[in-house]
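Colleague: I am new to this one and would love a short tour. Could you show it to me first?

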Amino acid sequence: MTVTDTCPACLTPAIAPVAARARGPHIVHGYRCPHCRHQWATARLATAYPARDYHQDAA
Ligand SMILES: [Zn+2]
């Protein structure tokens, strides 16, 4: 699954992430625009991904 985003600075579409990390229930993708070199990150819910053995109980 490829998750692309649009540059918020120059609006270049379909930019692929350069980094991805899990952060609690979210997956954070880091992006760097090849045109204007703007950098940003987008967090997505991990439940959108098929990770069946990922369970957390808040005690
Ligand atoms: Zn840009």
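Colleague: In which segment does A46 lie?

Modeller: Glad to help, and please keep in mind that this is a predicted model. A46 is placed in the segment after β3.

Colleague: Is A46 buried, partly exposed or exposed?

Modeller: Around A46 there are 15 other C-beta atoms within 10 Å. A residue is buried at 20 or more and exposed at 12 or fewer, so a count in between makes A46 partly exposed.

Colleague: How far apart in space are A46 and V28?

Modeller: In sequence, A46 and V28 are 18 residues apart. Going from C-alpha to C-alpha, the distance in space is 9.2 Å.

Colleague: Now L45, please: is L45 buried or exposed?

Modeller: L45 belongs to strand β3. The limit for this class is 12 or fewer neighbours. L45 has 9 C-beta neighbours inside 10 Å, so L45 counts as exposed.

Colleague: Which residues is L45 in contact with, leaving aside its neighbours within four places in sequence?

Modeller: Contact here asks for C-beta atoms within 7 Å. With those sequence neighbours left aside, the partners of L45 are P25 and H26.

Colleague: In what order do the 3 strands of the open sheet come?

Modeller: The pairing in this sheet is antiparallel. β1 (19-23) and β3 (39-45) each have a single partner strand, so both stand at the edges. The order is therefore β1-β2-β3.

Colleague: Which residue in β2 stands opposite A19?

Modeller: β1 and β2 (residues 26-32) pair in the antiparallel sense over 5 bridges. Opposite A19, in β2, stands G30.

Key:
Residues numbered from 1 in each chain as written. Predicted model: local features only at pLDDT ≥ 70, side-chain atom pairs only at ≥ 80, totals over all residues. Pairing = 2+ DSSP bridges. Helix = DSSP H or I, 4+ residues; strand = E, 2+ residues; numbered from the N terminus. Contact = placed C-beta atoms within 7 Å.
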